[in-house]
Amino acid sequence: MLRIDAPLETDRLLLRPFRHDDVDALHDLRTRADVLRYLYWPPATIAQTRHVVEQRLNMNTLSRENDSLVLAVEQRATGRMIGEVDLRWLSVEHRQGEVGAILHPEAQGRGLATEAVSALLDLAFDRLGLHRVTAQTNAHNAASIRALHRLGMRREAHLRQCVHFAGAWHDELLFAILAEEWASRAPAGG
Ligand SMILES: CC(C)(COP(=O)(O)OP(=O)(O)OC[C@H]1O[C@@H](n2cnc3c(N)ncnc32)[C@H](O)[C@@H]1OP(=O)(O)O)[C@@H](O)C(=O)NCCC(=O)NCCS
């Protein structure tokens, strides 16, 4: 069981539970072609985004298998909500989880996704006690692949045509990291 009430702080970010006033920022993310390109979601309507925010308000707790923790990513310097990160509890028995991240294009290319997901991996291994955390990404999502390598995640599999979206088949790559690998990683920035 893990519940996040107070924001998690990193050097430049707050990872905090969603609020009602995140609708506009989330809607911007969920309607931009450059964000959605590899996510297999059609652009959201405003009603759909409002519904997602309603759901996110209660997604600050992991209490059972398949629960997802979804936190808004806020820039400390500006207070701007620039994205979201998520941690799904894939298996209680086998202590497995999966992470993901979405950042606004204006906030990309500064190491902020790596910073946010690092905090999530600390949470996954140190507070939830997971043994292995995975991440999956479209095989053409170069920025995501670079970020996963930067986090020290290992590419374990190339899943051929595992997603059918918008009339086409898509390949995904599966990355993973073990608790012991995360604990013994090289210091960030190297
Ligand atoms: C995937 C995604 C979150 C990665 O974001 P990102 O900002 O590129 O990732 P990082 O935080 O690792 O930033 C690394 C980049 O910042 C640069 N950078 C600048 N300052 C830095 C710093 N202080 N520390 C680290 N990196 C820094 C790095 O050189 C690197 O640039 P490069 O990728 O051109 O080599 C982002 O592309 C995204 O939101 N995409 C749309 C949604 C999506 O597809 N999500 C993934 C679904 S699986």
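In this predicted model, a polar side-chain atom of Gln-108 lies 3.4 Å from an oxygen atom of the ligand. Two other side chains also place an N or O atom beside a ligand oxygen: that of Asn-141, at 2.8 Å, and that of Arg-146, at 2.8 Å. The protein buries 70% of the 950 Å² that the ligand exposes when taken alone. The three side-chain distances are collected below.

| Residue | Ligand atom | Distance |
|---|---|---|
| Gln-108 | oxygen | 3.4 Å |
| Asn-141 | oxygen | 2.8 Å |
| Arg-146 | oxygen | 2.8 Å |

**The shell around the ligand**

The ligand is surrounded by 20 residues, and those that come nearest are Leu-103, Ala-113, Thr-114, Arg-146 and Arg-150. By class, the shell consists of nine nonpolar, eight polar and three charged residues. Which elements supply at least two residues each to this shell? They are strand E7 (96-103), helix H4 (112-127), strand E8 (132-138) and helix H5 (142-150). The largest share, five residues, comes from H5.

**The pocket that holds the ligand**

The position of the ligand can also be described in terms of the surrounding space. The ligand sits in the largest pocket, which contains about 1200 Å³ of space. Two or more residues of the pocket lining come from each of helix H2 (33-36), strand E5 (68-75), strand E6 (81-91), E7, H4, E8 and H5.

How many residues line the largest pocket? The lining comprises 43 residues, and Leu-39, Gly-100, Ala-101, Ile-102 and Ser-144 lie nearest the centre of the pocket. Sorted by class, the lining has 20 nonpolar, 11 polar and 12 charged residues.

Terms used:
Residues are numbered from 1 along each chain as its sequence is written. This is a predicted model: local features need pLDDT of at least 70, side-chain atom pairs count only at pLDDT 80 or more; totals for chains, interfaces and linings use all residues. Side-chain values use heavy atoms; hydrogens and water are left out. A residue is near a molecule or strand if one of its heavy atoms lies within 4 Å of it. A polar contact is a pair of N or O atoms within 3.5 Å; within protein, one must be able to donate a hydrogen and the other to accept it, and residues adjacent in sequence count only if both atoms are side-chain atoms. Accessible areas come from the Shrake-Rupley method with a 1.4 Å probe; for residues, only the protein chains shown count as cover. On a 1 Å grid over the protein atoms alone, a cavity is a set of points where a 1.4 Å probe fits but cannot get out, and a pocket is an open set with protein on both sides within 12 Å along at least five of seven lines; lining residues have an atom within 4 Å of a point. A molecule sits in a cavity or pocket if more than half of its atoms lie within 2 Å of its grid points. Helices (H or I, at least four residues) and strands (E, at least two) are DSSP runs, numbered from the N terminus. Ala, Val, Leu, Ile, Met, Phe, Trp, Tyr, Cys and Pro count as nonpolar, Asp, Glu, Lys and Arg as charged, and the others, Gly among them, as polar. Grid points are joined across faces, edges and corners, and a volume is the space filled by probe spheres set on the points.
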